[in-house]
Amino acid sequence: QRQFTEWFLETVKEEQADVVLISGDVFDLANPSSEARKLYYESLVELSRLNCTTIITGGNHDSPSVLNAPKEVLRALNIHVIGGLPENIEEVMIPVQGREDDKKAVIAAIPFLRDADLRNASSGESYEDRREAVRAGITQVFDEAAKICQRDYPNMPAIAMGHLFAQGVNLSDSERDVQVGNQAQYDASNFNSYFRYIALGHIHKPQKADRSGRVLYSGSPLPLSFSEIAGHKRIIVYEVSE
């Protein structure tokens with residue numbers, strides 16, 4: 001992890017990235033070790049020195065409270081953390097400024113969406129009813145975010161972050177069935193078309209989640225099982241032409 005982080009920081013510097021998006025999971029456990037937290041905070045300090053905006057969203061393995069605890073301190077370093085979906089969805093909208101004054105975009109930093117964020121439980125629901133309610137809830141959250149982007153940040157490219165299980169993606173042995181989260185298997189073609197690009201976390205193998213290539217999993221930075229031995233790991237460098 002430390003070697004990857006050193007390489008990643010050097011790559012951000014070489015690419016002169018305006019924004020770094022980390023779509024969870026940040027940690028593999030809700031209560032990470034002190035060594036893992038130390039590396040995380042050291043990496044964020046180094047990112048803050050590279051004159052870029054960093055946006056981090058929580059995944060299903062992350063504890064929203066653990067990620068959110070230092071968010072006000074991190075904001076002073078131009079690092080934005082959204083550990084869990086806030087009550088006011090407008091709080092996930094983060095306008096960003098490029099290195100040149102005329103370059104601007106807005107990021108809808110949507111974290112892993114838990115059942116409580118997506119649906120109201122009711123008695124007598126079947127398993128498929130619950131799955132469909134989750135799918136509809138995900139669509140509603142992203143649609144609402146797109147409307148806010150269009151209303152409050154017109155003429156600015158809009159990018160979304162997400163953390164979910166997209167339909168038809170390839171899993172590796174390291175994705176634990178009990179913890180894969182949102183078993184509803186969301187159809188990525190349902191993402192609101194207003195978003196230019198959707199940066200997904202959750203699945204360890206890097207891949208496209210839709211035919212257009214607009215919805216992408218960067219994958220995990222390191223192989224997490226022997227089933228990933230032949231795969232290539234990557235980060236995604238995305239450029240908005242305007």
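Is Thr57 buried or exposed? With a relative accessible area of 0%, Thr57 is buried. Keep in mind that what you're looking at is a predicted model, and let's use this residue as the way in.

Thr57 sits in strand β2. Skip its neighbours within four places in sequence, and Thr57 still has plenty to touch: Ile22, Ser23, Gly24, Val26, Asp62, Leu67, Ile82, Ala109, Ile110, Pro111 and Met161 are in contact with it. Two of these names will help us find the sheet around β2, since β1 covers 19–22 and β3 covers 79–82.

Now zoom out to that sheet. It is an open one, built from 3 strands in the order β1-β2-β3, and the pairing is parallel. Strands β1 and β3 are the edges, each pairing on one side only. On average, neighbouring strands here are turned by 10° against each other, ignoring direction. As a reminder, strands of a sheet pair through backbone hydrogen bonds, in either a parallel or an antiparallel way. Strand β2 runs over residues 53–57 and pairs with β3 in the parallel sense over 4 bridges. If you want a spot to check on screen, look for Ile56, which stands opposite Val81 in β3.

For the other kind of pairing, go along to β4 and β5. These two pair in the antiparallel sense over 5 bridges, and they form a hairpin with 6 residues between them. Here the spot to look for is Pro95, which stands opposite Val106 in β5.

Next comes helix α6. It takes in residues 127–152, 26 residues in total, and spans 38 Å from its first C-alpha to its last, close to the 38 Å expected at 1.5 Å a residue. Quite a list of its residues is buried: Arg131, Val134, Arg135, Gly137, Ile138, Val141, Phe142, Ala145, Ala146, Ile148 and Cys149. What lies over them? The cover for the buried residues of α6 includes β4 (93–97), β5 (104–109), α5 (115–118) and β6 (158–163). So the hairpin strands β4 and β5 turn up again here, as part of what covers the helix.

That leads straight to the packing. The largest nonpolar core has 45 residues, and Phe142, Leu164, Phe191 and Phe195 have the most contacts inside it. Strands β4, β5, β6, β7 (197–201) and β9 (215–217), along with helix α6, each supply at least two residues of this core. Helix α6 gives the most, with 8 residues. Apart from this core lies another, of 16 residues, among them Val12, Val20, Phe27 and Leu67. You have already met Leu67, as one of the contacts of Thr57.

What about charges? Side chains of opposite charge can pair when their charged atoms come close. A search of the whole structure finds 10 salt bridges, and three of them make a nice tour.

Start with Arg75 and Glu72, whose side chains meet at 3.6 Å, N to O. Both belong to helix α4 (residues 71–75) and lie 3 residues apart, about one turn of the helix. Arg75 is partly exposed at a relative accessible area of 43%, while Glu72 is exposed at 53%.

Back in α6, Arg135 and Glu132 meet in a salt bridge too, at 3.1 Å, N to O. Being 3 residues apart in the helix, they are separated by about one helical turn. Arg135 counts as buried because its relative accessibility is 16%, and the cut-off for buried is under 20%. Glu132, at 42%, is partly exposed. This pair has company: Glu128, Arg131, Glu132 and Arg135 are linked in a network of salt bridges.

The last stop is Glu90 with Arg151, again a salt bridge, at 3.1 Å, N to O. Glu90 lies in the loop between β3 and β4 and Arg151 in helix α6, so this pair ties together parts that are 61 residues apart in sequence. Glu90 counts as partly exposed, at 38% relative accessibility, and Arg151 as exposed, at 52%.

Note on methods: Residues are numbered from 1 along each chain as its sequence is written. This is a predicted model: local features need pLDDT of at least 70, side-chain atom pairs count only at pLDDT 80 or more; totals for chains, interfaces and linings use all residues. Side-chain values use heavy atoms; hydrogens and water are left out. Two strands pair if DSSP finds at least two bridges between them. Axes are lines fitted to C-alpha atoms, for helices over the stretch in contact, and angles run from 0 to 180 degrees between N-to-C directions. The expected span of a helix is 1.5 Å times one less than its number of residues. Buried means under 20% relative accessible area, exposed over 50%, partly exposed in between (1.4 Å probe, protein chains only). Contact means heavy atoms within 4.5 Å. A nonpolar core is a set of buried Ala, Val, Leu, Ile, Met, Phe, Trp, Tyr and Cys residues joined through side-chain atoms within 4.5 Å. A salt bridge is a side-chain nitrogen of Lys or Arg within 4 Å of a carboxyl oxygen of Asp or Glu.
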